[in-house]
Every structure is written in structure tokens, then in C-alpha cells.
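I opened the model to look up how its strands and helices pack together. My entries follow the structure.

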Amino acid sequence: MSRNAESTAFRSALEVVRGVEPRVADAIAAELADQRESLKLIASENYASPATLLAMGNWFSDKYAEGTVGRRFYAGCQNVDTVEALAAEHARELFGASHAYVQPHSGIDANLVAFWAILADRVESPALRKAQARQVNDLTEADWFALRRELGNQRMLGMSLDAGGHLTHGFRPNISGKMFDQRSYGTDPATGRIDYDRVAEAAREFKPLILVAGYSAYPRKVNFRIMREIADSVGATFMVDMAHFAGLVAGKVFTGDFDPVPHAHIVTTTTHKSLRGPRGGMVLCGPELADQVDRGCPMVLGGPLPHVMAAKAVALAEARRPDFAGYAQRIVDNAQALADGLLRRGATLVTGGTDNHLVLIDVSGYGLTGRQAEQALLDSGIVTNRNSVPQDPNGAWYTSGIRIGTPALTTRGLGAAEMDATAELIHTVLSQTTPGTGPDGAPSKAKYVLDPAVAESVGKQAADLLTPFPLYPSVDLG
Ligand SMILES: *Cc1c(COP(=O)(O)O)cnc(C)c1O
């Protein structure tokens, strides 16, 4: 596609928006400028292609399409059927899954769909069976009461939040933590890695209905073959949430024991992280759970987002191209270069390195909290997020970690040399920042002191690093 077409498309779109509410058009343009200028190391973010972005801005947004392809509760869904079927087909082919459900609006929604599919499949509830056989009118109030009681309080075993698990894996602030009786497995304090024997032991003791693997802040591969064996040994359904690393699965960097799809009963993901698609979610499963998963709407979701499903179809088609494998490999190579650069300069990394797309720096080695480090880096033009480290003494708000990831910068084209330069900039900021004090002179977990001249100099070097790698080079807003 010519650069001209993409520039024209975005310019025209902004002109039309500007005609109604110019401040929105200005904010959209400002967002592109901000993203172009910042060294984005947020591990969960990326830059979707112009084709993916453009597939979302249209009249598909106006359509209700509850139901599934060919079985809708609304008339006139033939074109939605086309894009939903295409997205599902690309997903099945890309991941080698027998079934794909592409309606979830986000990763959280995909997990809720998966949880309910598993509950509906596994929980022995006569009332639920009646409800599923559409004998709803035969259910008494007592049946409904029993159904609610039987479905609630089921057991889930997932990775602990501070070891890198996700809120939706049974933690209190999320509905999953209120629905499920949750226990978690952590990591080995000595190595920072998952200790599969401990997971097996926890599973034997707790006998979960669902064993969940997947993470948002664990810098290593997970052996899904072993996890499946553990699930089988206690009769648990094995669910993998690959929200963060779906791009590495799609790009065949994670294969064999490290590819979740052949090992899990059900796999959920987001589409906007390393997979580089639109903001959304997806569920993959075998034939056993397919019917339940397809009931995601109306069980958990309302109307699907046809414009986002169109964009999912585009992004998944891109991920099936041969060059996506090269992209996925470069993500991991870049994360390793970044980790090596940090280690060489004396940083402490959780697990001592990485074999995926992210690196977790334990900033207590610099005498800082995650909160102080995150803000000092931001002052210096480096966008990261603070994150707990295992057994974090500073809790989930201040934390002791900085999570950095390479999917976004790799999309821009930065490589190993730039990762080493990035490591130097991060190390400079963190080693020059000191903890500040509160109004009463007491040590603060939020305040920090960083010479503005250092922040400015690092900011300039970060901008210089990006100059040879323009973001959305095909898009000139004029
Ligand atoms: C990001 C993430 C989610 C949630 O995705 P949203 O689209 O933000 O709802 C779920 N699980 C894991 C492991 C994640 O990393």
C-alpha cells in the first residue's frame, strides 16, 4: 500500500472528525505525536498496522450481531458473518486450534467466557443441565438457588500476582477472586522460576477444578506439557492465558512444550499485545468446549464489536505472513540484548534474565521503589510501568520492580545495538535517582530526586535513538 494512501486516509478521517469536535481530532493527532516521541517499553503495548487501525473506523460499529456466525439474533448480519468467520479461520490456522471464538472485547472478557465454559462443562449440577437443555421453565426457585450455589466457590489454582500472574486468575479485586476459591503457586525464591514440583504438590493438596497458567510479568517460558500433566493428575481443566505472549506463539518462537495450544484444554488471549492486533480478546479450544465457548454471548458478552472483529481478521492475516516469525524472534532477541545490557551495568533482574519479550528489573538494587523508578524514567522520556517482584516488600502500589518489554520498539525496527543503548539510558536514570522525603522529612516511597539536567540529557538521547526508526512512517498528518 502506498504511503500516500495511508496518509490520505488518516488525514481525511481527522478532517471529518475536526468538523464536529476539533478537540478530539487534536487529541488523536497529539497521541500520534506523543507515541512517536516516546521510548515505549510497556510490555503489554504495541503498534497495530495502519490496515488494522483503519479496519476499525467504519459502519461495522453500527451493527448488532448477537449470536454466532450464521445463527444471529438480528437480521442483516451477512457481512459481520464474513469478517467474524475470517477472523476465526485465521486464528485457527495461525495457532493450530480446532475452534476459535473471536468476540471477546478484551482479555478479561475472554477469561470470563473461558471460566463459564469450564464451569458449565465440569460442574455436576442437575439444575444447570436442565438450564442448558433449554428446559428453563422447568426450573424451580430452589433449582436456581442450587445452581448459583453449585457454580460458585469452585476451585482455581493460578500463578500468584506478585510472581507475575494476572488479576483475572482469581485475585480479589477482580470478579474471578469473588467467584472462585483461589490458591496460587509462586516461584522458587532462589531462582525466581516456576517450580513445577511445587505446582504439582499444590494441585494435589488443593484439587482445583481449573489450573491456570499464563502471566503478565514472568520473564521466562512456561512448560505447558508439564503443566498439563499436573492438571491431568488431579482431573483439573488446564487453561492458559497467553495474553502477553500470543505473538511469540503465533511467530513460532514458542513451540513444542512451550506452545500452549496443543497442551491446554482452553487458551485465552488478548489481540493487542505482542500479537499486534486491535484491542480485544479471543478464546481457542478443542471441540469439547466449543459449544460452551460460543455461548459467551449472551452469557458474558453483549453484542460483539464487528468493527474490531474486522480488525482482528486483518491483524491475524498479517500474523500468518512469513515475516511475522522474524518479528517474533526479534522481540525475544531484543529482550535478551536489553537484559544483557542491564546485567552488564549491574542491574538486578528477576530470574537473572529473560527468554520471552519482557524483563523485570528489581530496582531495590538501586535503592528505589518501583514508583520512584517509573516516574524518574518517565521524566527522562522512557515509558515503563512499575510492577511487583516476587515477595515484594513494597506491595502492589509502590512495588520494587520495573517491567519493560520489547514488542513495541521491535515493531518500530529497533535492534540489539539500540537495546544496549536503552539499557545504558535506564541504568543512568536509575543510578542517578535517589529516594526523596515526605513533608515531615520521613523517607518517601513515592518522592525522588533526579537532577533535571540528567533527565533532559537522557530524554534527548532517547529521542535520538528513535530518530532512525520513525513510527508509522507511512502516515504524514501534514
Ligand atoms: C493484559 C492481560 C489480560 C487482560 O486484558 P485486557 O484486554 O486488558 O482485559 C488478561 N490476562 C493477562 C495474562 C494479561 O496480561
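I looked first at an open sheet of three strands, ordered β11-β14-β13 with antiparallel pairing (strands are DSSP runs of E with at least two residues, helices runs of H or I with at least four, both numbered from the N terminus; two strands pair if DSSP finds at least two bridges between them). β11 (358–362) and β13 (385–387) are the edge strands, each with a single partner strand, so one side of each lacks a neighbour in the sheet. Neighbouring strands are turned by 35 degrees against each other on average, direction ignored.

The model is predicted: local features need pLDDT of at least 70 and side-chain atom pairs pLDDT 80 or more, while totals for chains, interfaces and linings use all residues. Residues are numbered from 1 along each chain as its sequence is written, and side-chain values use heavy atoms, without hydrogens and water.

I then checked β13 against β14 (residues 401–405), and found three bridges in the antiparallel sense. N387 has G401 in β14 as its bridge partner. Helix α16 packs on this sheet, touching β13 and β14, and its direction makes about 45 degrees with that of β14 (contact means heavy atoms within 4.5 Å; axes are lines fitted to C-alpha atoms, for helices over the stretch in contact, with angles from 0 to 180 degrees between N-to-C directions).

Next I followed α16 (residues 370–379) to α19 (residues 416–432): their axes come within 10 Å and cross at roughly 120 degrees. A373, A376 and L377 of α16 make the contact with I426, V429 and L430 of α19.
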